[in-house]
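Student: Could you take me through one part of this protein in detail? I would like a close look at the place where its two domains meet.

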Amino acid sequence: MHVLHVVGARPNFMKAAPVLAALARVSGVQQTLIHTGQHYDSNMSDVFLQQLEMPPPDLNLDVGSGSHARQTAEIMSRFEPVVTERRPDLVLVYGDVNSTVAAALVCSKLQVRVGHVEAGLRSRDRSMPEEINRIITDQLSDLLFAPSEDADQNLRREGIDASKIHRVGNVMIDTLVRLLPRSRRYKPDDLPARYALVTLHRPSNVDDPIWLRELLVALVECSQDLAIFFPVHPRTRQRISELDLQTANGRLCLMDPKSYLEFLALQQGATVVITDSGGMQEETSFLGVPCLTLRENTERPITVSQGTNQLIGRDISLLKSEIRRILSGDTKKASPIPLWDGHAAERIAKVVIRGQHLL
Ligand code: UD1
């Protein structure tokens, strides 16, 4: 059996790594790894592949950046001949980035089976490009690997046949469980006892200069009381440079994007995480670290109902009061989320192998 995996952007790598490893342990499975090149900076891609101990990609499509239409179309036209030539039995796509939907579209037109890892998440906010990517990818997929019960229910509600849906748990947590012990070696010696860790990259936060300025001013203010570490995504770095804003006051430390292990060490020790990332809502819930999410909604509601996540939206005064509350020791307690146990990829491998008879 030949399984071809498609990755392209930073959050794909932590999801694909455990699935590649689980399938590598099964005899008779040939695997191909295709990198679309959606993320191309070394600190957004190569360092992740190395630390996650992934095999080097068999091919990099080098698509680079562009508008959504251009980037998606470029991935499709470069990926189509790869599928035609290599004829995989199954293509696995991950998460909700443009590479995910582009690959799923190509495969469905070529009638090659597609499996979507992290299926069924919904924010019900179609202004998010990722929501469109999620809905389309799920409609096109033959195997839908759901991380949680809400995802499973969303898929059924959208009319997807129950026989295609497999609730396997969260592959990102597989990687976290595996690498958490190793990440402790990456903890900087000079970390203060209490600090906030910030990441921001959603267009809704960083592409609106008035809001981005307001947010950064608030962070500078908060940094008088609490050190703030802010590894900056390239897109955000560009937007901040356009603001002509003095961020060097207080203890707000803007830094280059961190590697997986460095970042995990920072995340685990943080007093509070402030973010608009999807994956970090999950990781903080697992780690029991308070998370304030700068979004109006989330496609991962289980992190709010059972985890440590809290939606802050665009409310600066709520952000400040929640930071104060957390600093006073009044934190939300998380309960373990079913199937977020480090074994999701093994369950995916079992489903893939079981489905061989359909080929
Ligand atoms: C993409 C995903 C988003 C995911 C995020 C993780 C889509 C629609 N969005 O957003 O869901 O949460 O990745 O990071 O797929 N850039 C670089 N170097 C790189 C990559 C990007 O400088 O290696 C810059 C470019 O200016 C580019 C911009 O970042 O235009 C945005 O990159 P892009 O891949 O379009 O989307 P992300 O914002 O990274």
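Tutor: Happy to help; here is a walk through the domain interface, with a short look at the cavities afterwards. Please keep in mind that this is a predicted model.

Let's begin with the division of the chain. Domain 1 is made of two stretches, 2-169 and 340-354, while domain 2 covers 182-327. Taken over C-alpha atoms, the centres of domain 1 and domain 2 are 27 Å apart. Where they touch, domain 1 brings 23 residues to the contact and domain 2 brings 21.

How much area is buried between domain 1 and domain 2? The value is about 1800 Å², and carbon and sulfur atoms give 57% of it. On the domain 1 side, three residues are worth finding in your viewer: Asn 43, Gln 51 and Trp 340. Together they supply 31% of the area that domain 1 buries against domain 2, more than any other three residues. Trp 340 is also the residue at which the second stretch of domain 1 begins.

Next come the polar and charged pairings. Four salt bridges are found across the interface of domain 1 and domain 2, and seven residue pairs across this interface are in polar contact. For a salt bridge to look at by eye, try Arg 134 and Glu 299, whose side chains meet with an N to O distance of 3.6 Å. By the domain bounds, Arg 134 falls in domain 1 and Glu 299 in domain 2.

Finally, the cavities. Searching the whole structure gives two of 30 Å³ or more, and the largest has a volume of about 50 Å³. Its lining includes Val 117, Glu 118, Phe 145, Pro 147 and Ile 348, as well as the run Val 168, Gly 169, Asn 170 and Val 171. By class, that lining has six nonpolar, two polar and one charged residues.

Terms used:
Residues are numbered from 1 along each chain as its sequence is written. This is a predicted model: local features need pLDDT of at least 70, side-chain atom pairs count only at pLDDT 80 or more; totals for chains, interfaces and linings use all residues. Side-chain values use heavy atoms; hydrogens and water are left out. On a 1 Å grid over the protein atoms alone, a cavity is a set of points where a 1.4 Å probe fits but cannot get out, and a pocket is an open set with protein on both sides within 12 Å along at least five of seven lines; lining residues have an atom within 4 Å of a point. Grid points are joined across faces, edges and corners, and a volume is the space filled by probe spheres set on the points. Ala, Val, Leu, Ile, Met, Phe, Trp, Tyr, Cys and Pro count as nonpolar, Asp, Glu, Lys and Arg as charged, and the others, Gly among them, as polar. Domain bounds come from an automatic or database domain assignment. Contact means heavy atoms within 4.5 Å. Buried area is the accessible area (1.4 Å probe) that two parts lose on being put together, summed over both. A polar contact is a pair of N or O atoms within 3.5 Å; within protein, one must be able to donate a hydrogen and the other to accept it, and residues adjacent in sequence count only if both atoms are side-chain atoms.
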